[in-house]
Amino acid sequence: MSKPLRCGFAAILDPAKSIHTETVLRALRIYQSLFAAKTIEFICCEDYGSLDGGAQAAEFLVSAGVDIVVGHYASNSALGALPLYAEQSIPMLLPTATDTCLTHDRNLVFRLCANNDNIVHALLSLFPSDVEVKFDVFSDESPYAKKLASILKSTLADYAPRLVQEAGASNIVFIGTGDRSAMFLQDCEDKGVSGNIILTDDAACAQFVIPQSMAVGQIRGIGFAPAKLVNPQAPCVHEYVKRYHAMPSVFFLETIAAFEIVSQLQAKSGNLIADLNRCSFSTSLGELRFQQGENLLAPLCLWANSKAQQLHPIGMIKRPESYLK
């Protein structure tokens, strides 16, 4: 493209509403100042992480004439926005929206992170495969949580007969947002729950604070991998540390990688959707190529609570296909 590319950016923009907002806004500022120059025009829009908010944000961005969208970060807002982008043939780069169906039967949605199926398989791989294990599942009853719980139940029935969902089991899985996960853990502390608790992707990050009574290692999380495990030497990571005196948390590299893809498209693409479906991209997440809209090499990380009662990354989770046979 010879002209500047107009890139929509849709997310929860209020730091009080999401523990990830500060990270993604810092990523945007770093990319704008260091790498985008005058080649990309960013148009930011609040989507509230909801279906209606996503639809309203999409209407605004389409009316603003965007060529491509980075976002939406929450699956609900992405689902609300998708129909309008599809009508206008505007491609979406999803840094963190995990709902598996977002990429189904479409050629204009491209996910940088793992999807819900990947998350469920990684979660189940934490349990031993050769003995019966019982666990209970709770959620915040959001559409995202209900879908992930449904995938978990169907996967158990089809592939993991030794894992049994049972009310009152000592192993607990909670599916929900960071805020709702924190409320759930507080409720567990109040009730004196002593079993193992596994949280899913939105809560698995360094910003998440654990109640003081929880034993070290009692809380685990399946989530995205932080920059220090993926690419600590990336120029964008060095710039983050220089500015903010800390390593970036999750959502940072996914956001930067989406912007890097946009820049590469701006430099050479004549057809954004076609090139996203067929080209490879060099990003801070690594060499990235989409297959049916998915990044099949998207990393997942195991987190656990430390003595400081915060989650910290334990290590990368290997693809667990062999476990579910």
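In this predicted model, Arg6 is partly exposed, with a relative accessible area of 28%, and its side chain meets that of Glu41 in a salt bridge with an N to O distance of 3.1 Å. Because Arg6 belongs to strand E1 (residues 5-11) and Glu41 to strand E2 (residues 40-46), this pair ties together parts of the chain that are 35 residues apart in sequence. Glu41 is likewise partly exposed, and its relative accessible area is 36%.

A salt bridge within a single helix is formed by Arg26 and Glu22, whose closest N and O atoms are 3.5 Å apart. Both residues lie in helix H1 (residues 21-36), where a spacing of four residues separates them by about one helical turn. The two partners fall into separate exposure classes, in that Arg26 is buried at a relative accessible area of 16%, whereas Glu22 is partly exposed at 44%.

A further salt bridge joins the side chains of Lys147 and Asp99, with an N to O distance of 2.9 Å. This pair links distant parts of the chain, since Lys147 is in helix H5 (residues 143-159) and Asp99, 48 residues away, is in the loop between strand E4 (92-94) and strand E5 (109-111). Asp99 is buried, with a relative accessibility of 5%, while Lys147 counts as partly exposed at 33%.

When a side-chain nitrogen of Lys or Arg within 4 Å of a carboxyl oxygen of Asp or Glu is taken as the criterion, the count comes to eight salt bridges, among them the pairs Glu41 and Arg6, Arg26 and Glu22, and Lys147 and Asp99.

Methods. Residues numbered from 1 in each chain as written. Predicted model: local features only at pLDDT ≥ 70, side-chain atom pairs only at ≥ 80, totals over all residues. Heavy atoms only, no water. Helix = DSSP H or I, 4+ residues; strand = E, 2+ residues; numbered from the N terminus. Buried < 20%, exposed > 50% of the residue type's maximum accessible area, 1.4 Å probe, protein only.
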